[in-house]
Amino acid sequence: MMTHKSRIMKEQSLDPENWHQMRKLGHQVIDDVIDLLCNIGHVPVWNEVPHEVKNTLSTDLPQFPTTANDVYVEFLRTILPYPKGNIHPRFFAWVQGGGTPLGAFADLLASAMNPNVTIGEHSAMYVDQQVVKWCKQLMGFPETSSGLLVSGGSMANITALTVARNHKAGYDVRTNGLYGSPAALVLYCSVETHSCVLKAAEILGLGKNSVRLIGVDKQYRIKIKDLEKQIQTDLKTGFSPFCVVATVGTVNTGAIDPLKSIRDICRTYQLWFHIDGAYGAPAKLTGSHKQRLRYIEDADSVAFDLHKWFQAPYEAGCVLIKDQEVHRAAFSFTPKYLMNEMEGLAGGLDPITNYGFELSRGFKALKVWMSFKEHGIKKITRQIVQNLRQAKHLGLLITRNPELELMAPISLSIVCYRFIRQGISQSEANALNRELLIKLQVSGIASPSSTILGGAYCIRVCILNHRTKTSDIELLVAQSIKIGYSISEAIK
Ligand SMILES: *Cc1c(COP(=O)(O)O)cnc(C)c1O
């Protein structure tokens, strides 16, 4: 029986009243996306968000409807023109991928299907598992290992470290927490390790003090002798070493820790061997790095990003765990409302939530699935090789130019350099290079970032973009010299 109220209230949904108009808008969106991407090299890399725009982007919660068209027009006016810039060929900051057009389409399709990819018998579950299978093949992990797609390297690392902690603790951490620990668990990594490993140690209840930050050699790799010495000291003084984190591609300089030695130490002391390959692990596919990186296959776990060198649009990362049962033992949890069945909607694969913390998960697998199919791994590998070559070329140009100084060895695709003038002090050089970097960014010419190595302020270039050309590298060098001179003339 209908109540009085439901009779007078028109039922609504959030779908458009006019599908024809929405279709037209959709076509316009796709046209604008293509225009954006095919012209990206011809616009400034970056420009600051104007105050007026910042103001419109801080107004209060909207109460009443605006047409979809008007919302889109506002997006075109206030959001699209002020990008971070990482889809541009001369974006060199941090470690950022460039995305692809089909990847963007995949995100649209994934959002339209909008499956919650965690449990159930539906296609997205199989796509997710197929992409995980491909990830195992990329890293040379066995089919029997397990894996999880996550938002990125940070989540991948904390997921692996959770498994490592629970497995190596020697008691039931899930029941007793760290109170059950007879000795403080400690893990090892170099001072160049990404901050997410320290954050993970904090969140896992281990605390920063349980992270032994080992020093690095001239190539910014962990000092193996110091690592082993620290493990022995900890064993003697009542700590409980459980894990070594090796980095393949440090964020500062792209250094690769000596994997074979770390593996051997882990075997000797029965520690979990984890690799943070968020940035550098994809280089395993290339001829130049295949040998050195084959030890990734010996790790208990590896974290790597799909939104960096594999060019998936943000966000997508992957963690692989060698022993599937150990992985599941860290996360499986079946409340009554999440039981899966042999058949029907709740049938199918093992719920993905048994392998990580998240329950609701988007269909991030689709953009990876479509991109790997579109290009094939051979072409994607050539893309990585191209970036490695471009980094070498940049290194060569720097060493050939007396005005520039190469500040760290090039292991992958990160190049750190600075502009130098004879007779200026370290602090003058630092100020000069800071200004040079800002000028490069503000002019929209190129967007490197910075770091400090041995007290020296460096311009840090990470070449990770499939759109970057050798001419972009050459332009960066020429402009660095030109701007460097103009600043140092002004100082004199
Ligand atoms: C980028 C990066 C991370 C963090 O990954 P996110 O995808 O940003 O969460 C961790 N370690 C290294 C070495 C990285 O380069």
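## Exercises: ligand shell, Ser190 and ring pairs

The shell around the ligand is made up of four nonpolar, six polar and three charged residues. Here Ala, Val, Leu, Ile, Met, Phe, Trp, Tyr, Cys and Pro count as nonpolar, Asp, Glu, Lys and Arg as charged, and the others, Gly among them, as polar. This is a predicted model: local features need pLDDT of at least 70, side-chain atom pairs pLDDT 80 or more, while totals for chains, interfaces and linings use all residues. Residues are numbered from 1 along each chain as its sequence is written, and side-chain values use heavy atoms, without hydrogens and water.

**Exercise 1.** Find which polar side-chain atoms of Ser154, Asp276 and Lys308 face which ligand atoms.

*Solution.*
- Start with the shell: 13 residues surround the ligand, each with a heavy atom within 4 Å of it.
- Gly153, Ser154, Asp276, Asp305 and Lys308 are the closest.
- Look for polar contacts (pairs of N or O atoms within 3.5 Å; within protein, one must be able to donate a hydrogen and the other to accept it, and residues adjacent in sequence count only if both atoms are side-chain atoms).
- The Ser154 side chain places an N or O atom 2.7 Å from a ligand oxygen.
- For Asp276, a polar side-chain atom is 2.6 Å from a ligand nitrogen.
- For Lys308, the distance to a ligand oxygen is 2.9 Å.
- Finish with cover: the ligand alone exposes 380 Å², and the protein buries 86% of that (Shrake-Rupley method, 1.4 Å probe; for residues, only the protein chains shown count as cover).

**Exercise 2.** Place Ser190 and list what it touches.

*Solution.*
- Ser190 sits in strand 3, residues 185–190 (helices, H or I, at least four residues, and strands, E, at least two, are DSSP runs numbered from the N terminus).
- Its relative accessible area is 0%, so Ser190 is buried (under 20%; exposed is over 50%, partly exposed in between; 1.4 Å probe, protein chains only).
- The Ser190 side chain reaches the backbone nitrogen of Glu192 at 3.0 Å.
- Leaving out residues up to four places away in sequence, Ser190 touches Leu213, Ile214, Val216 and Ile222 (heavy atoms within 4.5 Å).

**Exercise 3.** Classify the ring pair of Trp134 and Phe372.

*Solution.*
- The structure holds seven aromatic pairs (rings of Phe, Tyr and Trp, its six-membered ring, with centres within 6.5 Å; stacked under 30 degrees, edge-to-face over 60, the rest tilted).
- Trp134 and Phe372 have centres 6.2 Å apart and planes at 40 degrees, a tilted pair.
- Trp134 is in helix 6 (residues 123–139) and Phe372 in helix 14 (residues 365–400), so the pair ties together parts 238 residues apart in sequence.
- Trp134 is buried at 17% relative accessibility, and Phe372 is buried at 10%.
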